[in-house]
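Welcome, and please open your viewer. We will go from stop to stop, with something to select at each one.

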Amino acid sequence: MSVLVTGGAGYIGSHTAVELLNQGRDIVIIDDFSNSKPEVLENIRKITGKDFKFYQIDYSDRKALENVFEENNIDSVINFAGFKAVGESTKKPIEYYINNVSGALVLFDTMRKYNVKKFVFSSSATVYGEKNPIPYVETMETGKASSPYGSTKVFIEQILEDIYKSDNEWDIALLRYFNPIGSHESGLLGEEPQGIPNNLMPYIVRVACGQLKELSVFGGDYDTPDGTCIRDYIHVVDLAKGHIKALEKLEKERSGIFTYNLGTGVGYSVLDVVKTFEKSTGQKVAYKIADRRAGDLPAFYANATKAKEELGWIPEKTLEDMCRDSWHYIEMRSKS
Ligand code: UD1
């Protein structure tokens, strides 16, 4: 029995693949390398000492996907395939809806055809929209995400709810990520955005290594203790372990559709992250306070109780760990 990991060469997919292999599971990875590189697969093998099957395909290519289900004994699917750049999604909504939503539908249809009904979905805290109070709780109403990227997450969650209502044999976990940062401690896996990064940690590491001049802190006048935005940063390895816990729940209990926040429940400001990065790595991060970025919320973080109580998932890594590991990855890259 194998777990199919779509987008398994990507940032979160690759870290989850490592945890699955470490658990002794068989996995099959598919990825089209649209936002990842083949060497990631070698690094997954290096870290785990284990091998797996890989197909370079687009998950929305029905024929190629069916072939993967034909050739393997797939029992469950964890889906990381999809576009994820918030800013880009506002310029290319059609591409985002086609790839993320239509692609997911091809995947669900194929799963149904092969009677594979255990599914873990990478959703996002962005589904809570702009109106909910913090901390976010799973029972809150979702919708009205601030970008097409966010809307694709809202829509796919809705589609999965409908699939489950139509057929209770499905077992589905919707995992709402907060802000994943950090890297595998080996320094062999990490986040590698193409071009100038939009997200905070990828930008910070590039300033620290001299590739970019300074960080623009988007807004210094928010109603927060230091005036900068607050987010719930979660180490990508903790996040990956959350997928394992969710999959185990689906396997043990076979009992429905579940939603979990994957965050620490603790909020840190942009300046907290900058200062912690400097302290834990010894690297200076030049920054200036700039204008607010359109669409940013002043603060959000998770109520992380449900995942703790129901899955026994407790994030272990600190903000120091997240900063140090993000930096370690960049240091290793610059040496290789
Ligand atoms: C966004 C998405 C989230 C997605 C995440 C990672 C929304 C509402 N959120 O989160 O779904 O999972 O990206 O892809 O769509 N910042 C700076 N300077 C920078 C970059 C960021 O000050 O150069 C600040 C931002 O204003 C924000 C914080 O850092 O307060 C985190 O930003 P970012 O890493 O982009 O993530 P989010 O926007 O929180």
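**Stop 1: the second largest cavity**

Begin by selecting Y59, N79, A81, N100, F121, T152, K153 and I156, the residues that line the second largest cavity. Keep in mind as you look around that this is a predicted model. The space inside this cavity is about 30 Å³. Which helix gives the most to its lining? Color helix α6, residues 148-166, and you have it: α6 supplies three residues. Now try coloring the lining by class: four residues are nonpolar, three are polar and one is charged.

**Stop 2: the largest cavity**

How many cavities of 30 Å³ or more are there? The count is two, and the largest holds about 90 Å³ of space. To see its walls, select Y11, I181, G182, S183, E191, M201, P202, V205, R206, S326, Y329 and I330. Two elements give two or more residues each to this lining, namely α7 (200-208) and α11 (319-335). Of the elements here, α7 gives the most, with four residues. Colored by class, the lining shows seven nonpolar, three polar and two charged residues.

**Stop 3: α7 against α9**

Leave α7 on screen and add helix α9, residues 270-281. The two axes come within 11 Å of each other and cross at roughly 40°, which makes α7 oblique to α9. The crossing is right-handed. For the contact itself, show the side chains of L200, M201, I204, V205 and A208 on α7, then V270, V273, V274 and F277 on α9. What classes of residue make up this contact? Nine are nonpolar, with no polar and no charged residues among them. Two of these α7 residues, M201 and V205, may look familiar: they are also among the residues lining the largest cavity.

**Stop 4: α1 against α2**

Next, select helix α1, residues 11-22, and helix α2, residues 39-48. Two packed helices are described by the angle between their axes and the distance between the axes. For α1 and α2 the angle is about 30° and the axes are 10 Å apart. Angles under 35 degrees count as roughly parallel, and α1 and α2 are therefore roughly parallel to each other. As with the previous pair, you can check the handedness: α1 passes α2 in a right-handed crossing. Show S14, A17, V18, L21 and N22 in α1, which meet V40, I44, I47 and T48 in α2. This contact has six nonpolar and three polar residues, and no charged ones.

**Stop 5: two backbone details in loops**

For the last stop, switch to a backbone view. Most residues other than glycine have a negative phi, and most peptide bonds are trans. Where does F33 sit? Look in the loop between β2 (26-30) and α2. Phi of F33 is near 60°, a positive value in a residue other than glycine.

Then move along to P135, in the loop between β5 (118-124) and α6. Is the peptide bond from I134 to P135 cis or trans? The bond is cis, with omega near 0°. Follow the chain on from this loop into α6, and you are back at the helix that gives the most to the lining of the second largest cavity, where the tour began.

Terms used: Residues numbered from 1 in each chain as written. Predicted model: local features only at pLDDT ≥ 70, side-chain atom pairs only at ≥ 80, totals over all residues. Heavy atoms only, no water. 1 Å grid on protein atoms, 1.4 Å probe; cavity = no way out; pocket = protein on both sides within 12 Å on 5 of 7 lines; lining within 4 Å. Points joined across faces, edges and corners; volume = space filled by probe spheres on them. Nonpolar A, V, L, I, M, F, W, Y, C, P; charged D, E, K, R; others polar. Axes fitted to C-alpha atoms, helices over the stretch in contact; angles between N-to-C directions. Parallel < 35°, antiparallel > 145°, perpendicular 65-115°, else oblique. Left-handed = near helix turned anticlockwise from the far one by under 90°. Contact = heavy atoms within 4.5 Å.
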